[in-house]
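Dear colleague,

I am passing on the structure we spoke of, and I would be glad if you could look it over alongside the notes underneath. Please read them with the model open.

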Amino acid sequence: MIVAIANQKGGVGKTTTAINLASALALRGKSTLLIDLDPQGNSTISFVQRDAAVRSVYETMVDDGCGLSDVIRPSPQENLWIAPARIALAKLEARLVGELDAHFRLKERLDALGGRFSHVVIDCPPALGLLTVNALVAATHLLIPIQSSYFALEGTDDLLETVQRVQTRANPGLDILGVLITMHDRRTSLGRDIQHRIREAFGAKVFRTVISKNVRLEEGPAYRESIFTFAPNSTGAADYYSLCEEVMDRV
Ligand code: ATP
Ligand code: MG
């Protein structure tokens with residue numbers, strides 16, 4: 001399974017979902033690779049120290065001589081590896097102008113890895129540009145986090161249109177694994193109303209698991225830990241464990 005975590009809207013819980021889903025899969029004994037495709041590098045620094053000297057996903061995407069296996073680093077957690085991002089990724093689009101396979105770079109690099117990882121999780125940046133399209137072309141599945149907020153459904157049409165274009169032109173096998181409601185507040189009637197509207201819009205595609213607001217999920221990355229070691233008894237850990245089960249059932 002190669003799952004892209006994407007939504008062009010910023011701050012909806014993509015990175016939090018990517019790091020904790022990857023960590024949960026690793027805990028379940030799956031050999032898991034977390035690919036950070038966001039120049040901000042938030043997934044990267046949630047597990048390893050940023051190091052300008054080491055090669056990153058950027059180098060693999062611009063340099064034919066640099067494979068993913070040259071940039072992958074072990075995380076502090078067993079079964080979990082990271083393909084780090086650095087800010088240079090922001091120049092990828094300009095750098096690959098005119099390259100015929102610009103949209104296929106990540107897929108080519110993943111194909112070259114062979115079956116080293118049974119599960120790959122890709123954290124996308126908040127944009128529908130070349131990086132996210134590379135993720136959608138390479139992925140077998142797409143997970144869309146949607147923040148439980150009044151503007152939750154704004155912009156999802158553009159995302160689904162991009163998905164459709166990728167499906168017709170490059171990756172017919174791309175499957176929408178599910179829509180995940182994040183940062184939910186189940187105590188308010190607004191929260192319940194938003195959840196209702198999201199379920200109305202996406203039907204059975206919405207995961208039964210809902211990720212509640214939980215401050216522990218915000219704190220973990222500062223200690224380079226997933227929620228499962230940072231706060232194993234938190235609601236955040238329970239929510240992401242339940243998501244992992246549901247993901248494994250659906251695949
Ligand atoms: P970007 O678009 O900038 O990459 P993102 O979609 O990756 O953002 P996150 O970085 O995962 O979003 O989350 C945005 C902020 O909300 C972060 O500070 C994160 O710690 C916090 N956050 C995410 N999920 C939760 C949650 N369930 N409860 C509380 N805070 C959360
Ligand atoms: Mg992010």
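Below is what was found, going from the whole chain to the sheet and then to two residues.

Please bear in mind throughout that this is a predicted model.

Taken as a whole, the protein is made up of 11 helices and 8 strands. Its radius of gyration is 17 Å, close to the 18 Å that the globule rule gives for 251 residues, so the protein is as compact as a globular protein of that length. The C-alpha trace extends over about 55 × 40 × 30 Å along its principal axes, and 54% of the 251 residues count as buried. Among the contacts with a separation of 6 or more, 78% are made by residues 24 or more positions apart. As for the surface, the accessible area comes to about 11,200 Å², of which carbon and sulfur atoms contribute 50%. The protein carries 27 positive and 29 negative charges, and the mean positions of these two sets lie 2 Å apart.

Turning to the sheet, the 8 strands form an open sheet with mixed pairing, and their order is 3-4-2-5-1-6-7-8. Strand 3 (73-74) and strand 8 (206-212) stand at the edges with a single partner strand each, so one side of each is left without a neighbour in the sheet. Within this order, strand 1 (residues 2-5) and strand 6 (residues 141-147) pair in the parallel sense over 3 bridges, and Val3 has His141 of strand 6 as its bridge partner.

Two residues were looked at individually. Ile176 belongs to strand 7 (residues 175-184), and, leaving aside neighbours within four places in sequence, Ile176 is in contact with Leu142, Ile144, Leu160, Val163 and Lys205. By contrast, Ser43, which is 133 residues away from Ile176 along the chain, has its C-alpha atom 22 Å from that of Ile176.

Arg28, for its part, lies in the loop that runs between helix 1 (14-27) and strand 2 (32-36). Is Arg28 buried or partly exposed? Its relative accessibility is 34%, and since buried means under 20% and exposed over 50%, Arg28 counts as partly exposed. Not counting residues up to four places away in sequence, Arg28 touches Tyr241, Cys244, Glu245 and Met248. Asn79 is 51 residues from Arg28 in sequence, and the C-alpha atoms of Arg28 and Asn79 are 9.1 Å apart in space.

With best wishes

Terms used: Residues are numbered from 1 along each chain as its sequence is written. Chains are lettered from A and ligands numbered from 1 in the order in which they are written. This is a predicted model: local features need pLDDT of at least 70, side-chain atom pairs count only at pLDDT 80 or more; totals for chains, interfaces and linings use all residues. Side-chain values use heavy atoms; hydrogens and water are left out. Helices (H or I, at least four residues) and strands (E, at least two) are DSSP runs, numbered from the N terminus. The radius of gyration is taken over C-alpha atoms; the globule rule is 2.2 Å times the number of residues to the power 0.38. Buried means under 20% relative accessible area, exposed over 50%, partly exposed in between (1.4 Å probe, protein chains only). Contact means heavy atoms within 4.5 Å. Accessible areas come from the Shrake-Rupley method with a 1.4 Å probe; for residues, only the protein chains shown count as cover. Lys and Arg count as positive and Asp and Glu as negative; His and the chain ends are not counted. The place of a charge is taken as NZ of Lys, CZ of Arg, CG of Asp or CD of Glu. Two strands pair if DSSP finds at least two bridges between them.
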